[in-house]
Amino acid sequence: MIKVDNLSTSYETIDGDVHVLNDLNFTINDNEIFGIAGESGCGKTTLLRTLYDLIEYPLKVDHGEVVLSGVKDGKNFEYHTGNIKKSWWNNMSYVPQAAQSVLDPISRLKSQFLDSIPVEDRKKETEKETLERVADYLEQLNLSRDILESYPFQLSGGMRQRAIIALATFMSPNVVLADEPTTALDVVVQKGILMMLMDLQKKLKNTMVIVSHDMGVHYQITNRMAIMYSGSVAELGNTEDIFGDPIHPYTQMLVGALPRVGDKSARVGIPGRPPALKNPPKGCRFAPRCPHATDRCKQEVPKFEEIKPGRFAACHLLKKEV
Ligand SMILES: Nc1ncnc2c1ncn2[C@@H]1O[C@H](COP(=O)(O)OP(=O)(O)O)[C@@H](O)[C@H]1O
Ligand SMILES: [Mg+2]
């Protein structure tokens with residue numbers, strides 16, 4: 001389970017701090033595919049890096065923390081922001097944005113696999129034995145064991161992404177974080193990657209956190225999802241309910257902008273642009289684009305609250321039903 005507790009982060013810049021994540025509070029459950037959606041620049045990558053505790057200058061945590069807990073091989077574990085690094089590979093792994101380009105172009109995949117698997121987890125094996133295990137694992141995922149002998153450029157973008165997902169899941173981590181895993185791949189390849197992630201989640205019975213700006217990806221594979229807007233979560237709940245009955249005006253626009261089968265009428269885009277994080281508007285950050293905004297919305301930041309069972313949103317216009 002991942003608990004995000006009152007989390008705020010910012011980037012240090014020469015003109016002062018840019019606050020990116022603002023007081024986030026939510027939980028990601030065991031054994032679910034959790035989606036994080038929202039327009040480019042809203043803070044999805046920053047959130048994923050913070051979940052993984054990959055906090056490097058100029059990024060910093062202002063307050064709050066992430067707590068990662070669970071059971072692995074019969075033992076309980078619990079890590080907090082600051083020591084989550086100890087969970088890497090075994091309990092949590094990370095597929096970064098544009099992962100295909102993080103592979104070293106001048107070394108064969110087998111050496112990149114060997115470098116990534118922590119030495120203490122190679123038990124008392126020889127390199128050859130570890131690679132044998134990796135090759136068997138690749139075959140379980142319907143990948144050829146021969147890709148270990150390849151250099152990244154010899155593989156297609158989709159195959160490189162599959163290899164990286166294989167590497168990230170080799171140690172059966174409790175949580176896999178994937179940042180835009182299908183972006184920059186063509187539609188057919190995207191489908192294959194999504195199927196691979198779904199199959200892996202079923203096999204490992206673990207948690208997958210999928211960041212994508214593409215609502216179609218969330219519709220296809222996530223169980224629950226968070227809609228981010230300008231560094232906060234606007235709405236969170238079951239994916240099916242969010243698509244069927246979005247309650248936050250921003251989500252309503254996102255869902256309304258999606259193409260529908262057989263519907264030839266023009267889709268309405270979302271007018272305006274997200275606010276600059278440097279000088280955000282007072283009150284609700286969505287208010288300048290919201291068709292229902294009131295004076296209160298322009299003055300007061302809405303609280304992120306449970307509106308109906310399991311559904312959370314930050315909007316002054318919603319009445320709590322729980
Ligand atoms: N290295 C950086 N320095 C300063 N600001 C940054 C840096 N990286 C990201 N940001 C800011 O954080 C915001 C969120 O970025 P990011 O988390 O990458 O968004 P997303 O993944 O949703 O596109 C950006 O709009 C940008 O203003
Ligand atoms: Mg991103």
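Is Trp89 buried, partly exposed or exposed? I began with this residue and found that Trp89 is partly exposed, since its relative accessible area is 23%, and the cut-off for buried is under 20%. I note at the outset that the model I am reading is a predicted one.

**Entry: backbone oddities**

I looked up Trp89 because its backbone stands out: Trp89 is not a glycine, yet its phi is positive, at about 75°. I placed Trp89 in the loop between β5 (75-80) and β6.

I then turned to Asp53, which also has a positive phi without being a glycine, here of about 65°. Asp53 sits in the loop between α1 and β4, and with a relative accessibility of 14% I count Asp53 as buried.

In the loop between α1 and β4 I also located Pro58, which is joined to Tyr57 by a cis peptide bond with an omega of about 5°.

**Entry: the magnesium ion**

Which protein atoms serve as donors to the magnesium ion (ligand 2)? I found OG1 of Thr45 and OE1 of Gln97, at 2.0 to 2.4 Å from the ion. Thr45 belongs to helix α1 (residues 44-51), whereas Gln97 belongs to the loop between β6 (92-95) and α2 (109-116), so the two donors tie together parts that lie 52 residues apart in sequence. I checked the accessibility of both residues: Thr45 is partly exposed, with a relative accessible area of 26%, and Gln97, at 39%, counts as partly exposed as well. I keep in mind that water is not among the atoms, so the site may look incomplete.

**Entry: salt bridges**

How many salt bridges does the structure hold? The number I noted is 15, and I followed three of these pairs in detail.

The pair I took up to begin with is Lys60 with Asp17, whose side chains meet in a salt bridge at 2.7 Å, N to O. This pair links distant parts of the chain, since Lys60 is in strand β4 (residues 59-72) and Asp17 in strand β2 (residues 16-28), 43 residues apart. Lys60 counts as partly exposed at 25% relative accessibility, and Asp17 counts as partly exposed at 31%.

I went on to Glu132 and Arg145, which form a salt bridge in which the closest N and O atoms are 2.7 Å apart. Glu132 lies in helix α3 (residues 127-140) and Arg145 in the loop between α3 and α4 (157-169), so this salt bridge ties together parts that are 13 residues apart in sequence. Glu132 is partly exposed, with a relative accessible area of 41%, and Arg145 is partly exposed at 25%. I also noted that Glu132 and Arg145 belong to a network of salt bridges in which Asp136 and Glu139 are linked with them.

My last pair was Lys320 with Glu305, whose side chains meet in a salt bridge at 4.0 Å, N to O; the cut-off is within 4 Å. Here Lys320 is in the segment after β12 (311-314) and Glu305 in strand β11 (residues 304-308), 15 residues apart, so that distant parts of the chain are linked. Lys320 is partly exposed at 47% relative accessibility, and Glu305 is partly exposed with a relative accessible area of 28%.

**Entry: α2 against α3**

How are α2 and α3 oriented to each other? I read that their axes come within 11 Å and cross at roughly 105°; the range for roughly perpendicular is 65 to 115 degrees, and α2 and α3 are therefore roughly perpendicular to each other.

I listed the residues in contact: from α2 they are Lys110, Phe113 and Leu114, and from α3 they are Glu127, Thr130, Leu131, Val134 and Leu138. By kind, the residues of this contact divide into 5 nonpolar, 1 polar and 2 charged.

On the α2 side I looked up the buried residues, which are Leu109, Gln112, Phe113, Leu114 and Ser116; the buried residues of α2 pack against α4 as well as α3.

On the α3 side I looked more closely at Thr130, which lies in that helix. Thr130 is buried, with a relative accessible area of 0%. When neighbours within four places in sequence are left aside, the contacts of Thr130 are Leu114, Ile117, Arg122 and Glu125.

Technical notes: Residues numbered from 1 in each chain as written. Chains lettered and ligands numbered in written order. Predicted model: local features only at pLDDT ≥ 70, side-chain atom pairs only at ≥ 80, totals over all residues. Heavy atoms only, no water. Helix = DSSP H or I, 4+ residues; strand = E, 2+ residues; numbered from the N terminus. Buried < 20%, exposed > 50% of the residue type's maximum accessible area, 1.4 Å probe, protein only. Donors = N, O, S within 2.8 Å, 3.2 Å for Na, K, Ca; no water. Axes fitted to C-alpha atoms, helices over the stretch in contact; angles between N-to-C directions. Parallel < 35°, antiparallel > 145°, perpendicular 65-115°, else oblique. Contact = heavy atoms within 4.5 Å. Nonpolar A, V, L, I, M, F, W, Y, C, P; charged D, E, K, R; others polar.
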